[in-house]
Each structure stands twice: as structure tokens, then as C-alpha cells.
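Biologist: Morning! Please pull up the model so we can go through it together.

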Amino acid sequence: MPPDDSGYGFDNIGDVLSVSPILLERYISLARKISRLAVGDPTILPSVEEYSVPVGLSQADSVSDELPFGSRGGIAIHHDFALDAEYTFRIKIRGFNNRAQDLVHHLDLRLDNVRLKEYEIHGKSAQGDEESPTFEVRVPVKAGVRMVGVNFLSEYALQEGALPQPAPGKAAPPARNLPGRIGVDGVLIGGPFQPTGSGDTPSRQRVFVCRPADSKEEASCAKEYSPR
């Protein structure tokens, strides 16, 4: 929202406070957005929202208690899914070199702590301006605020059993998923696509407290309200 006008260093002086046309337009725009989120609008157009991981954030270890135990790096997102519909999840990776195939990284995508997709990435950290890959999946999601988790799986231990012997003159195979500079750069969430309904969210339960069976019950339903 635009800031309040100020006078003499204060923003609570009545003489300088006014409602400008721009401020009023912002109020109306914000009210439209909130109302659409609260009641659901099946006609809204798909959009893409990007969540970026700070460049200076170390991804050598767990970055959030909301991500699974044994995770490395990534991001935990609380995203408001407007409708019951299909949504796309596009994950961008930083520090990738597709010419180096000596490490295996496992990328985990979860929704409300339920795995949606696991990707296996072969490569290691890049020293130059390599083009990093992106990973995308499209799945149906129920409306509401849900937690989207993206992280790498930390697997420091070697596999059980006897290790394969390297060929003469060759070095032993490296351990899997050693922490390196490869990490999650950001997540783009797009949608809604092909909506199936507004969804049963807490805000809609409070707004629509009565469901008329026919047109005769609409007037009485409109007069009911939630005491919460």
C-alpha cells in the first residue's frame, strides 16, 4: 500500500492526511484480490508466482524444520492455491555442470510433506556460466494454503554390501550426493489450470454458511451469517 503523507516528520497529523485517487484505487484493487481469494473465482486466469532462494544462503545442510529430516538445501513455501485445479511446479537449479557425471543428486518435491516427484540429477558444481536445468511437473491440487517443499536428499553413507572394485588404473567410485555447490535456485508455481471448483477452504466455510437447495431458499440463506 502507498505510505501515508507526512508533515513535520510525522505521518499522523490530520491536516496532511488525505485519500488520494491512487490510494483509493489501491484499496479497491486490494479488496478485489482479497475477495477473490476468500470466495474463489473459477474465471481467474492462470498466473505464475516465483519464490527465489537467497544467493548467500548456504545449502550444505538443512535450511528449514518444515523440510524432511535428512534434507539438504532447498526452500519451504506456503503458497495459496486459489482453486481446486491443476498447477505446475518448476524448479530451477544453480551451480550445475552437465559435463561432469561423477556425482548423483536426488531432488525432492513435496506438497504438505507428501512426495510429488523425485528427480535424479547427474553432475556437479559448475565453475563457469553453465546453463542450469529446470524440472517441471503438473499435478492437481486442492484449494487452500499448502506447504511446498523442495530440497536435496542427503546421502552420505555408502551403500550396503561390498563396493565394486575399480578397473585397473581407475579411481574408486565417489560417494553419492556429496554436498557441493549445486542447489535450488528457485521455484515457480503456475496456475490454476482446468479448475474443477472453488474448493473448501476455511474462509469459504465462514462466508458460505448456508447452501440453498433451490431458488426459494436463497433469500433465507443470504440472511444467515457465521458468528465466528
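**Strands and rings**

Modeller: Let's start with β4 (residues 104-111) and β7 (residues 144-153): these antiparallel strands are joined by five bridges. A strand here is a DSSP run of E, at least two residues long, numbered from the N terminus, and two strands pair if DSSP finds at least two bridges between them. Heads-up: this is a predicted model, where local features need pLDDT of at least 70, side-chain atom pairs need 80 or more, and totals for chains, interfaces and linings use all residues. Numbering runs from 1 along each chain as its sequence is written, and side-chain values use heavy atoms, leaving out hydrogens and water.

Biologist: Which residue in β7 does Leu111 stand opposite?

Modeller: Val148.

Biologist: And what's the strand order in the open sheet?

Modeller: It goes β2-β7-β4-β5, with antiparallel pairing. β2 (71-81) and β5 (114-122) sit at the edges with a single partner strand each, so each has one side without a neighbour in the sheet.

Biologist: New topic: how many aromatic pairs are there?

Modeller: Three. Rings of Phe, Tyr or Trp (its six-membered ring) pair with centres within 6.5 Å; planes under 30 degrees apart are stacked, over 60 edge-to-face, the rest tilted. Phe81 and Tyr87 are edge-to-face, at 4.8 Å and 80°. Tyr119 and Phe135 have centres 4.9 Å apart and planes at 40°, so that pair is tilted. Tyr119 is in β5 and Phe135 in β6 (residues 134-141), so this pair ties together parts 16 residues apart in sequence.

Biologist: Is Phe81 buried or exposed?

Modeller: Buried, at 0% relative accessible area. The cut-offs are under 20% for buried, over 50% for exposed and partly exposed in between, with a 1.4 Å probe and protein chains only. Tyr87 is buried too, at 2%.

Biologist: Which residues share a cluster with Phe81?

Modeller: Tyr87 and Phe89.

Conventions
Helix = DSSP H or I, 4+ residues; strand = E, 2+ residues; numbered from the N terminus.
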